[in-house]
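Trainee: Hey, have you got a minute to go through this structure with me? I'd like to learn how to read it.
Mentor: Sure, pull it up and ask away.
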Protein chains: 2
Amino acid sequence: MGNKMQLDLTKKYALIVAGGSGKRMESGIPKQFLPLKEKPVLMHTIEAFHKIQGIEIIVVLPASNMEDWKKILLQYSFSINHILVEGGETRFHSVLNGLQKVENESIVAIHDGVRPFISSEIIQKSFDIASQKGNAIAAVKLKDSIREMTITGSSKNVNRNNYFLIQTPQTFQSSIIKDAYQKATHYNFTDDASVVEEISGVKINLFEGDYRNIKITTPEDLIIASAFLAS
Amino acid sequence: MGNKMQLDLTKKYALIVAGGSGKRMESGIPKQFLPLKEKPVLMHTIEAFHKIQGIEIIVVLPASNMEDWKKILLQYSFSINHILVEGGETRFHSVLNGLQKVENESIVAIHDGVRPFISSEIIQKSFDIASQKGNAIAAVKLKDSIREMTITGSSKNVNRNNYFLIQTPQTFQSSIIKDAYQKATHYNFTDDASVVEEISGVKINLFEGDYRNIKITTPEDLIIASAFLAS
């Protein structure tokens with residue numbers, strides 16, 4: 001038994017990207033700062049990752065939010081250590097900036113700042129799978145039927161069992177994700193798995209996420225989020 | 001001005017399909033009977049359609065639920081008139097049974113019994129569009145990235161802007177939907193638009209649904225539903 005025990009000494013990072021401007025939220029406050037049970041959404045997200053032992057947390061924020069965030073940290077006496085990084089023009093540039101702070105031969109979980117309900121189990125699972133296979137992408141099955149737009153502007157039914165909704169964390173061995181981000185020549189990606197897949201041709205490993213791990217982007221989402229917290 | 005005024009005398013139906021057994025809900029109660037603000041989900045759904053003037057409501061229930069439903073109706077003194085129809089082996093057969101009660105030259109909105117948050121505006125819009133174009137299918141854009149499984153068991157990133165999540169109501173001129181259901185030779189459809197499209201080659205018209213119009217299928221959904229009702 002003793003021989004099988006192995007200490008996992010690989011360095012772990014959480015790269016939390018909070019770049020949203022709050023346009024879809026119909027609110028002046030950036031959505032990552034919206035209060036959820038009397039605390040900004042982003043603080044819940046940071047707390048979720050802080051539960052993982054030895055993790056280093058990097059938070060990427062738009063330049064325009066920096067001063068506000070520092071004030072909010074004081075106001076809430078928020079004491080979880082994190083490296084603060086200025087975001088870029090697009091999500092791609094924000095992640096790229098964050099990756100500069102990631103040391104080599106580590107594993108990094110890239111996560112949306114506005115997904116505060118991520119569980120320790122899923123974070124840990126993503127590190128375990130990425131450590132073995134190079135990457136691990138949280139995903140859930142579709143509950144609804146889905147239609148694909150055709151080039152004629154019409155739409156056609158497609159089999160929902162062939163599709164997965166992609167969440168975060170998207171977790172990678174550092175060399176794989178840093179390499180892909182450095183080689184990319186356009187910035188039009190909606191997630192990190194796509195960068196690694198398109199630029200480096202890496203096979204993507206999906207694993208089962210959680211329907212509670214919602215991304216807070218609309219006013220309805222904030223109602224849902226409050227209900228999840230209360231339950 | 002007077003010339004443009006037109007009375008809409010077309011007969012309208014709501015065909016509410018409540019066939020679920022409650023397996024995904026981890027509950028012994030069929031999900032359409034689960035209490036939401038002290039009333040079964042299905043009653044909320046029926047009330048939403050009852051707001052449309054002159055509408056006739058058809059409710060399709062599994063044979064095994066019939067006696068329970070009649071008891072529940074008495075228990076809640078529920079007085080909204082509806083035609084009760086026994087469901088079939090699959091969703092296809094349940095809708096087919098319901099369509100037997102739909103008179104010709106009418107318009108029928110087919111709706112999931114477990115989508116209680118449908119608004120009058122969307123129901124009315126679906127009747128208006130179907131009346132002009134033959135069909136109207138509520139749909140929303142994807143908020144998450146999406147991946148498609150490939151035949152190798154791997155997955156690839158696809159452009160989420162090319163996909164829509166399909167909701168109900170799915171509303172049709174009666175001749176179109178009845179014809180398609182009568183001609184179908186298999187029953188493996190996840191929604192009604194697919195039947196009409198595959199069997200009759202009809203072009204499907206999507207219109208903008210509502211993120212609140214959720215389908216209650218998992219325990220998380222019930223938490224969300226309670227929050228929507230409270231808000």
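Trainee: Okay, what rotation superposes chain B on chain A?
Mentor: Keep in mind that this is a predicted model. A rotation of 180° puts chain B on chain A, with 0.0 Å of shift along the axis and an RMSD of 0.0 Å. That is how a two-fold axis relates copies.

Trainee: And how many residues of chain B are in contact with chain A?
Mentor: 38 residues of chain B, and they touch 38 residues of chain A.

Trainee: Which elements of chain B give two or more residues to that side?
Mentor: There are three strands, β8 (145-149), β9 (155-158) and β10 (163-173), plus the helices α6 (192-200) and α7 (219-230). The largest share comes from α7(B), with six residues.

Trainee: What kinds of residues are on that side of chain B?
Mentor: Sorted by class, you get 15 nonpolar, twelve polar and eleven charged residues.

Trainee: Why do you say the copies meet through the same surface?
Mentor: Because 100% of the interface residues of chain B are interface residues in chain A as well.

Trainee: Let's talk strands. Which strand of chain A is joined to β8(B) by bridges?
Mentor: That's β10 of chain A, residues 163-173. Four bridges join β10(A) to β8(B), and the two strands run antiparallel.

Trainee: Can you give me one pair to look for? Like, what is the bridge partner of A:Ile166 in β8(B)?
Mentor: Look for B:Ser145, which is the partner of A:Ile166.

Trainee: Staying with β10, which peptide bond is cis in chain A?
Mentor: The one that joins A:Thr168 and A:Pro169, where omega is about 10°. You'll find A:Pro169 in strand β10 of chain A. In chain B, the bond from B:Thr168 to B:Pro169 is cis too, with omega near 10°. B:Pro169 lies in strand β10 of chain B.

Trainee: New topic: helices. How do people describe two packed helices?
Mentor: They give the angle between the two axes and the distance between those axes.

Trainee: Then at what angle do α5 and α6 of chain A cross?
Mentor: The axes of α5(A), residues 174-183, and α6(A), residues 192-200, cross at roughly 70° and come within 9 Å. These helices are therefore roughly perpendicular to each other.

Trainee: Which residues meet there?
Mentor: From α5(A) it's A:Ile176, A:Ile177, A:Asp179, A:Ala180, A:Tyr181 and A:Lys183. They meet A:Asp192, A:Val195, A:Val196, A:Ile199 and A:Ser200 of α6(A). By class, that contact has seven nonpolar, one polar and three charged residues.

Trainee: And α3(A) with α5(A), what's the angle there?
Mentor: Roughly 130°, with the axes coming within 10 Å. α3(A) and α5(A) are therefore oblique to each other.

Trainee: Is that crossing left-handed or right-handed?
Mentor: α3(A) passes α5(A) in a left-handed crossing. On the α3(A) side, the contact is made by A:Val95, A:Leu96 and A:Leu99, and on the α5(A) side by A:Ile177, A:Lys178 and A:Tyr181. Five of these residues are nonpolar, none is polar and one is charged.

Trainee: Now chain B. Where are α3(B) and α5(B), and how do they cross?
Mentor: α3(B) covers residues 91-99 and α5(B) covers residues 174-183; their axes come within 10 Å and cross at roughly 130°. So α3(B) and α5(B) are oblique to each other. Their crossing is left-handed. The residues in that contact are B:Val95, B:Leu96 and B:Leu99 from α3(B), and B:Ile177, B:Lys178 and B:Tyr181 from α5(B).

Trainee: Last thing, about backbone angles. Which residue of chain A has a positive phi although it is not a glycine?
Mentor: A:Glu105, with a phi of about 55°. To find A:Glu105, go to the loop between α3 (91-99) and β6 (106-112) of chain A.

Trainee: Great, thanks!

How values were computed:
Residues numbered from 1 in each chain as written. Chains lettered and ligands numbered in written order. Predicted model: local features only at pLDDT ≥ 70, side-chain atom pairs only at ≥ 80, totals over all residues. Contact = placed C-beta atoms within 7 Å. Nonpolar A, V, L, I, M, F, W, Y, C, P; charged D, E, K, R; others polar. Pairing = 2+ DSSP bridges. Least-squares fit on C-alpha atoms with pLDDT ≥ 70 in both. Axes fitted to C-alpha atoms, helices over the stretch in contact; angles between N-to-C directions. Parallel < 35°, antiparallel > 145°, perpendicular 65-115°, else oblique. Left-handed = near helix turned anticlockwise from the far one by under 90°.
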